[in-house]
Amino acid sequence: MDYDFTFVVTGATVDDQDAVDALRETCDALLARAGGVDLLSVSWPGDCAVQAALEAASAIRATVPRLRVCRLDRDLVGIHEIAERTGRSRQNVAQWVAGARKARGAPFPAPEGTVGRSQAWLWSEVNHWLAAHGLDDGAAHPTREEMAQIDVALAGRISLTFRFATTPGFKDGRQRVIDELRSRHISRFLTLLAGFDGTTDEHGNHVLVVADGREPARGVMECVARFPHDAVLVTDTDRFTVTVLSSRGPARSGRVVPVPASATVGEWLRLVRDHPRAAFAMETGDRRTEEPARIQWQMAIAA
């Protein structure tokens with residue numbers, strides 16, 4: 001799904017033609033200025049709005065390194081703006097607000113506040129309400145809760161990139177993990193990531209390997225071993241689990257624990273809990289892989 005975002009940015013303006021051109025060509029992003037604030041509008045794909053926003057922010061920073069993505073613009077709208085965006089009259093919109101028209105279903109969203117003497121609403125909430133009546137703009141926008149989570153991440157300059165093992169057949173299970181991360185753990189997870197400095201790639205993105213707890217451990221271990229830095233494994237076994245993995249350096253105890261070739265991710269992580277200071281190598285007949293995935297730290301952030 002593609003999500004629409006408008007970020008408040010600093011470090012580049014519409015007068016900086018090189019930045020404008022680079023952002024348009026690389027990210028299909030539009031730099032503008034409104035109300036004395038520099039804004040950057042972009043659409044970005046993702047499994048959830050938080051993931052999409054952070055990956056978009058990372059791509060933007062990689063394109064124009066001096067540009068800082070500060071926060072999301074809330075896109076507040078009044079009756080006049082709603083009328084313009086929907087092609088309806090202001091009288092019609094006022095009737096929606098009062099509940100005099102289209103009263104069936106959910107009530108019109110509560111206003112976010114007032115500007116002067118006029119009420120103002122979050123466009124994302126208005127657009128969601130309009131979707132039930134076939135009048136929305138057709139775009140996906142972050143919810144109020146997702147906006148708050150994105151702002152927290154941007155304030156800490158946290159960017160994410162999601163990676164998966166090449167093993168086929170586990171797309172639905174991985175999506176469930178992402179959904180649980182987004183719906184139940186994202187705020188605490190972003191705070192957790194703020195304390196890590198070894199799990200980022202060359203672009204400054206924290207690398208998240210998402211796995212279904214039932215998928216083969218082999219593919220996930222091979223995926224982790226490809227990174228020249230630590231990676232964060234996010235999965236669900238008997239509980240939602242975040243584990244920092246590394247394939248660099250010797251095992252802290254000097255011990256390498258074999259992982260059965262048929263082991264699932266969940267079975268492998270149970271071995272990790274039993275041997276917290278060991279390294280782990282996939283069994284391959286009578287031999288073991290020369291580059292085992294080594295556990296540096298494990299933390300379960302939710303039951």
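Me: Which residues does leucine 208 touch, not counting residues up to four places away in sequence?

Reply: Leucine 208 touches Leu160, Thr161, Phe162, Arg163, Leu181, Phe189, Leu193, Val232 and Val234, where contact means heavy atoms within 4.5 Å. A word on the source: this is a predicted model, in which local features need pLDDT of at least 70 and side-chain atom pairs count only at pLDDT 80 or more, while totals for chains, interfaces and linings use all residues. Residues are numbered from 1 along each chain as its sequence is written, and side-chain values use heavy atoms, with hydrogens and water left out.

Me: Why is leucine 208 called buried?

Reply: Buried means under 20% relative accessible area, with exposed over 50% and partly exposed in between (1.4 Å probe, protein chains only). Leucine 208 has 0% relative accessibility, so the word applies. You will find leucine 208 in strand S9, residues 205–212; a strand is a DSSP run of E with at least two residues, and a helix one of H or I with at least four, each numbered from the N terminus.

Me: Which residues touch the most other members of the largest nonpolar core?

Reply: Phe5, Phe7, Ile60, Phe189 and Leu208 do, in a core of 52 residues. Such a core is a set of buried Ala, Val, Leu, Ile, Met, Phe, Trp, Tyr and Cys residues joined through side-chain atoms within 4.5 Å. Helix H2 (residues 49–63) gives the most to this core, with nine residues.

Me: What makes helix H7 differ from a straight helix of 23 residues?

Reply: Its span does. The expected span is 1.5 Å times one less than the number of residues, which is 33 Å here, yet H7 (residues 171–193) spans only 24 Å between its end C-alpha atoms. There is also a bend of about 90° at histidine 185, taken as the angle between axes fitted to the seven residues ending there and the seven starting there.

Me: How do you know that cysteine 223 is too far from the closest cysteine sulfur for a bond?

Reply: A disulfide needs two cysteine sulfur atoms within 2.5 Å. The sulfur of cysteine 223 is 18 Å from that of cysteine 48, the closest one, so a bond is ruled out. Searching the whole structure gives zero disulfides. Cysteine 27 is in none either, with the nearest cysteine sulfur, in cysteine 70, 16 Å away.

Me: What makes the link between the side chains of serine 246 and aspartate 230 a polar contact?

Reply: Within protein, a polar contact pairs N or O atoms within 3.5 Å, one able to donate a hydrogen and the other to accept it, and residues adjacent in sequence count only if both atoms are side-chain atoms. The serine 246 and aspartate 230 side chains make such a contact at 2.9 Å.
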